[in-house]
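Here are my notes for your first look at this structure. Have the sequence and the 3D view open as you go through the points.

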Amino acid sequence: MDWMTHALCARSDPELFFAVSRAGPALRDELAAKRICARCPVLGSCLAWALDSGQAYGVWGGTTAEERAALHRRQVTAEHRARRRVTES
């Protein structure tokens, strides 16, 4: 995980990336974390790692746990459709 040494979050307040709710100050923290991610040179590596390792909490790769779950569902659905097309051919 060499990419972590280049992550902007490593030089930021970790509490921004692990909000306890999705309202009020916690929502502001989440949005602040996403702004940091948007400028991060390793955003893609971070997101890929979070998806591969099943990170269920926090902002990783500019996404919340809910957003990563939706990405994962779309990825699984696309893979399933691709496999089905191959077997139907």
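**Salt bridges, core and a buried loop residue**

1. Start with Glu-67 and Lys-34: their side chains meet in a salt bridge, with N and O 2.8 Å apart. Keep in mind throughout that this is a predicted model. The pair ties together distant parts of the chain, as Glu-67 belongs to helix α3 (residues 65-88) and Lys-34 to helix α1, 33 residues apart.

2. How exposed is Glu-67? Its relative accessibility is 31%, so Glu-67 counts as partly exposed; the buried class would need a value under 20%, and the exposed class one over 50%.

3. How many salt bridges does the structure hold? There are two. Arg-84 and Glu-88 also form one, and here the closest N and O atoms lie 3.8 Å apart. That still passes, because the cut-off for a salt bridge is within 4 Å. As a general reminder, side chains of opposite charge can pair when their charged atoms come close.

4. Why can Arg-84 and Glu-88 be described as about one helical turn apart? Because they sit four residues apart in helix α3. As for exposure, Arg-84 has 42% relative accessibility and so counts as partly exposed, while Glu-88, at 60%, counts as exposed.

5. Now to the inside. The largest nonpolar core is made of 15 residues, and Leu-16 and Phe-17 have the most contacts within it. Two elements, α1 (24-38) and α2 (43-53), each give two or more residues to this core. The largest share comes from α1, with four residues.

6. Phe-17 is a good residue to click on. Leaving aside residues up to four places away in sequence, Phe-17 touches Cys-9, Ser-12, Ala-33, Ile-36, Cys-37, Gly-58 and Val-59.

7. Finally, look at Thr-63, which you'll find in the loop between α2 and α3. Is Thr-63 buried or exposed? Thr-63 is buried: its relative accessible area is 10%, and the buried class covers anything under 20%.

8. What does the side chain of Thr-63 reach at 2.8 Å? The partner is the backbone oxygen of Trp-60. Again not counting residues up to four places away in sequence, Thr-63 touches Lys-34, Leu-47, Gly-58, Arg-68 and Leu-71. Two of those names have come up before: Lys-34 is the salt-bridge partner of Glu-67, and Gly-58 is among the residues that Phe-17 touches.

Definitions and conventions
Residues numbered from 1 in each chain as written. Predicted model: local features only at pLDDT ≥ 70, side-chain atom pairs only at ≥ 80, totals over all residues. Heavy atoms only, no water. Core = buried A, V, L, I, M, F, W, Y, C linked by side-chain atoms within 4.5 Å. Buried < 20%, exposed > 50% of the residue type's maximum accessible area, 1.4 Å probe, protein only. Contact = heavy atoms within 4.5 Å. Polar contact = N/O pair within 3.5 Å; in protein donor to acceptor, adjacent residues only side chain to side chain.
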